[in-house]
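Hi everyone, thanks for coming. Let me put the sequence and the structure up on the screen, and then we can walk through them together.

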Amino acid sequence: MSALAFEAAGPIHTRAAGDRSRLARAVTVALAVLLAGAILCSLAIGAAGTSLWSVLAALARGESVPLADSVVLWQIRAPRTLMGIGVGAALAVSGALMQGLFRNPLADPGIVGVGAGAGLGAIAAIVMGAALPAMIRETLGYYLVPVAAFLGGWVSTLVLYRVATRRGRTSVAMMLLAGIALGALAGALSGILVYIADDAQLRDLTFWGLGSLAGATWSKVLTGLPIMLPALVAAPFLARGLNGLTLGEAAAFHLGIHVQRVKNVAILAVAAATGAAVALSGGIGFVGIVVPHLLRLMSGPDHRYLLVNSALLGAALLLVADIVSRTVIAPAELPIGIVTAVLGGPVFLWILFRQRGVLDL
Amino acid sequence: MMPPLARLAALALALAAAPLAAQERPDRIVSIGGAVTEIVYALGEEDRLVARDTTSTYPPEASTLTDIGYIRRLSPEGVLSVRPDLIVTEAGAGPPEAVEVIGSAGIPFVEIPEGFTRDAILQKITAVGAALDVPDKAAALRDQVATDLRRVGAAAEVADKRVLFILSMQGGRIMASGTGTAADGIIALAGARNAVTAFEGYKPLTDEAIAAARPDVILMMDRGEGHETARAQVLSHPAIASTPAGEAGALVRMDGLYLLGFSVRTAAAARDLAAALETVGR
C-alpha cells in the first residue's frame, strides 16, 4: 500500500521541484497582487450603490459619510471581506495540509469527512446549545458554535488518521473509505439533530449547509479568526516536514524530521482551520482540493511555496466567488457553496479524469 | 397625495439621512413575508412599497416589486440597496446577524407577530396598520376581515372529518403536519379535525403512523403540477391507499399561500376548504 502511495505521488513529485522555486516565488507575487485586487473589488462591489471611492474621498476631505454608506462599507463589506479571506485561506491550506499528510493529492477535509465532522459539531451547537448548562453557554457566548465545530473537526481528523494509518504507513484507499464512513456517520448524527430541530431551525440549517458569507459581522469575524490564525501561521513551518513525508515516513525520520510532531501539528491545524471555517460560513466545497491542485500543476509540489500560495489563492478565489454570489441575483443572494461547487465540481472531475491511470484505485 | 416637488424633497431627505426620514411617514417600505405583503395591498398602501421577499407572491402585482431574497436568508447589503425607510416583516426574518446590521443602519425594523388563529390575523392587520401609520384604514380592514371570519361556519358533517395535511412527499417519505402549524390552524378554522396530534410542527410520518391516523381526507399544497398526476401519486402511496381517504380518493389541494398564509384571504380559504371537505370523496 505504501508503494502505491509513493507511486501516486511519483509523477508529480519527481519533476525536479527545485527548478521551479523561482516560478513558485513569482506565483506568490502574482497571487498577492490578485488577492489585493480581489479585496478592493470585494469592498467596492455590491448590491448597494455605495461607492468605495466616494466614501474614501469624503473621508480624505474630512466630510462626514452618510450613515447608510458607512454601514454598508464598515459593517457589511469590510467584515465580509475579512471573513472571505480567512475562510478561503483556511479551506485551501487545510486541503494542502491534508494532501501532504496523506501523501495524496485527492485528500480534502470536505471529501474525507472532516468537514462533515465540523458541520456536525456546529449543528449540534445550534440545535442543542440551549440544553447546555448556562455556565458553559455564558462562558463561550459567541464562541460556542466555532468551538463545537472545531471539536467536531478535530475528533474526525483524529479518527480518520488512526484508522488509515497502520505501522506508520497511511493507506490511501483506507483513508478514502474511512472518510466515507465518517462522513456517513456524521451525516446520520446531523440527521438526528435535524429531526429534533424545530421548523425554523430546519430551514436555517438547509441554507447553512449551502454555505454563505452573508452572516459576516465583526463579532463573528473576531471570533473565528483567533481560531484560524494560529493554524494558518503554523502551516508554513510544517513545509519541510511535509516535504520529507513525501518520501515516506521512514525516510523522513532519517532526514531528521520529527514525523509524529509534524503529523500532530498538521492534524491540529486542519481541525482548527476547517472547524472555524465551517462554523463561520457553513459548507463551502471544493476550495480545499481545487486550489492546492491548481498550484501543484502550476508551480510544483514544494510545500514551502504550496502552503503560502494556497492561502493566497484560496482567499482570492473565495472573495471572487462571494462577489459572484452577491451580485448575480442582487439584491437577493446565491449561497456561495453553490458557486464554488459549480466552479469546483467540473474541475475536480477533470482532475479525476486526468489522474485515473496514476491513481489506480 | 403630496405635490411632486414635496415628494422629491422627501425622497432626497430619505436618501440623505435614513434616520431623519424615519420621523416622516415612511414611503420606501420593504415588505417581507407573504401574509404581510397581502395586508399592505389590502390596506391600499402598495404605492409605498419598494421591495418584497421571495415568499410574497400575492397579489400577482407584487411580483413587479424588487425581490430581496428569501425571508430567512436576507442579505444586509441587498436590503439596504433598495434604500428602505421601513422594513415590515413576518416573524422569523433572518439570519439574526443580517437583522442586527440592518438595525445598525438606523432603519426601523418591525416584526409582525405570527399566529394561526382568527385573533392572530386581526392582530397582524392592526400591527401592519400601526407600522405603516394608517391605523384608521387598518381598523376598517380589521372589522371587515373579522366579520368575514365569523361567517366561516362548518357544516356538521365536516366536523367529523379527519384531515391529514401532507407538506411534501420527497422520495415517498411523507412530511405531515402535527399541531401548532398553519395547516393545523386552517383545518380547525374550516371546522374539521387534524388527523395527527401526536407531535408539534412538521415531521416525517411512518407508514404505520399514517394508517393509525385514519385520515378521511388528504390535504396538500398545489405546486402547479397536473391534478391527476398528483392525485395518482398520492393516492397510490401504499400507506395512504389503505386509509379511508385513499379508499374514497379524497384529496384536496390548494395554493400554499392562500391556504396557510393566515392573512386577509384566510376566511375565503377556510370557506373553500370547508366546501371541498364536504364534497370530496363522494
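So, how many residues of chain A are in contact with chain B? There are 26 of them, and they meet 30 residues of chain B; "in contact" says that two C-beta atoms, placed from the backbone, lie within 7 Å.

Before going on, a word on what you see. This is a predicted model, where local features need pLDDT of at least 70 and side-chain atom pairs count only at pLDDT 80 or more, while totals for chains, interfaces and linings use all residues. Residues are numbered from 1 along each chain as its sequence is written, and chains are lettered from A and ligands numbered from 1 in the order in which they are written.

Back to chain A and the side that touches chain B. Its largest share, six residues, comes from helix α4(A). Helices here are DSSP runs of H or I with at least four residues, strands are runs of E with at least two, and both are numbered from the N terminus. By class, this side of chain A has 14 nonpolar, five polar and seven charged residues. Ala, Val, Leu, Ile, Met, Phe, Trp, Tyr, Cys and Pro count as nonpolar, Asp, Glu, Lys and Arg as charged, and the others, Gly among them, as polar.

Helix α4, residues 67-101 of chain A, turns up again in the largest nonpolar core, where it gives the largest share, 17 residues. That core has 184 residues, and Ala90(A), Ala276(A) and Leu164(B) are among those with the most contacts inside it. A nonpolar core is a set of buried Ala, Val, Leu, Ile, Met, Phe, Trp, Tyr and Cys residues joined through C-beta atoms within 7 Å. Buried residues have 20 or more other C-beta atoms within 10 Å of their own; exposed ones have 12 or fewer, and partly exposed ones fall in between. Take Ala276(A): not counting residues up to four places away in sequence, its contacts include Ala90(A), Phe150(A) and Met228(A).

Now helix α2 of chain A, residues 21-44. Why do we expect its ends to be 34 Å apart? Because its 24 residues count 1.5 Å each, and the expected span is 1.5 Å times one less than the number of residues. The end C-alpha atoms are 34 Å apart, which agrees. Its buried residues include Val27(A), Leu31(A) and Leu35(A), and the buried residues of α2(A) pack against α4, α14 and α15 of chain A.

Last, chain B: domain 1 (13-150) and domain 2 (156-279), with bounds from an automatic or database domain assignment. Their C-alpha centres lie 30 Å apart.
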